[in-house]
Amino acid sequence: MLHTHSKTHPATVDWLMEGLGKPEIDAILSMATIRRFRAKEVIFRSGELAKHLYLLRERSVKFYRISHAGIEVVLGWLMPGDVFGLGSLPAPP
């Protein structure tokens with residue numbers, strides 16, 4: 001599992017929940033909404049503001065960009081345990 005985040009490497013639940021105890025994690029997860037996406041459904045596009053934080057529970061998500069020439073360039077795959085949409089979190093003070 002990755003433990004960092006950047007434009008090409010997602011964070012994981014380990015990084016996101018670091019320092020929290022089971023009660024805090026349970027409270028966060030109790031407010032979560034489970035959503036399923038169809039194969040090939042776009043979750044969000046580059047340049048859009050992230051509105052939600054996602055924790056991938058199963059399967060995989062392709063992380064890609066379309067080049068200026070219109071070619072799909074795969075940057076990586078998100079796997080179960082990966083977190084994305086970190087732009088939806090407030091910036092630290």
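## A guided tour of the predicted chain

Begin with the whole chain in cartoon view: 2 helices and 5 strands are present. The model is a predicted one. Followed along the sequence, the elements give the pattern β-α-α-β-β-β-β. Contacts between residues 24 or more positions apart make up 45% of the contacts in the chain with a separation of 6 or more.

Next, switch on the surface. The accessible surface of the chain is about 7,700 Å², and carbon and sulfur atoms account for 59% of that area. Of the 93 residues, 15% count as buried.

**The core.** Select Tyr54, Leu56, Val61, Leu78 and Phe84, which together form the largest nonpolar core, with 5 residues. In soluble globular proteins, nonpolar side chains tend to be buried together. Now keep Tyr54 alone and display its surroundings. Beyond its neighbours within four places in sequence, Tyr54 is in contact with Phe37, Ile43, Phe44, Asp82, Val83 and Phe84.

**Asp82.** From that list, select Asp82, which lies in strand S5, residues 82-84. What is the nearest side chain of opposite charge to this buried residue? That side chain is Arg57, 14 Å away, and Asp82 has no salt bridge. Display the backbone of Met79 as well: the side chain of Asp82 reaches the backbone nitrogen of Met79 at 2.6 Å.

**His52.** Move to His52, in the loop between helix H2 (22-30) and strand S2 (54-55). Leaving aside residues within four places in sequence, His52 has contacts with Phe84, Gly85 and Ser88. Phe84 has already appeared as a member of the core. For Ser88, draw a distance between C-alpha atoms: His52 and Ser88 are 5.6 Å apart in space, although 36 residues separate them in sequence.

**Two positive phi values.** Remain in the loop between H2 and S2 and select Lys40. The phi of Lys40 is near 70°, a positive value in a residue other than glycine. Most residues other than glycine have a negative phi. Is Lys40 buried or exposed? Lys40 is exposed, with a relative accessible area of 85%.

Finish at Arg59, in the loop between S2 and strand S3 (61-66). Arg59, a residue other than glycine, also has a positive phi, near 65°. With a relative accessible area of 69%, Arg59 counts as exposed, because the threshold for that class is over 50%.

Terms used: Residues are numbered from 1 along each chain as its sequence is written. This is a predicted model: local features need pLDDT of at least 70, side-chain atom pairs count only at pLDDT 80 or more; totals for chains, interfaces and linings use all residues. Side-chain values use heavy atoms; hydrogens and water are left out. A nonpolar core is a set of buried Ala, Val, Leu, Ile, Met, Phe, Trp, Tyr and Cys residues joined through side-chain atoms within 4.5 Å. Buried means under 20% relative accessible area, exposed over 50%, partly exposed in between (1.4 Å probe, protein chains only). Contact means heavy atoms within 4.5 Å. Helices (H or I, at least four residues) and strands (E, at least two) are DSSP runs, numbered from the N terminus. Lys and Arg count as positive and Asp and Glu as negative; His and the chain ends are not counted. A salt bridge is a side-chain nitrogen of Lys or Arg within 4 Å of a carboxyl oxygen of Asp or Glu. A polar contact is a pair of N or O atoms within 3.5 Å; within protein, one must be able to donate a hydrogen and the other to accept it, and residues adjacent in sequence count only if both atoms are side-chain atoms. Accessible areas come from the Shrake-Rupley method with a 1.4 Å probe; for residues, only the protein chains shown count as cover.
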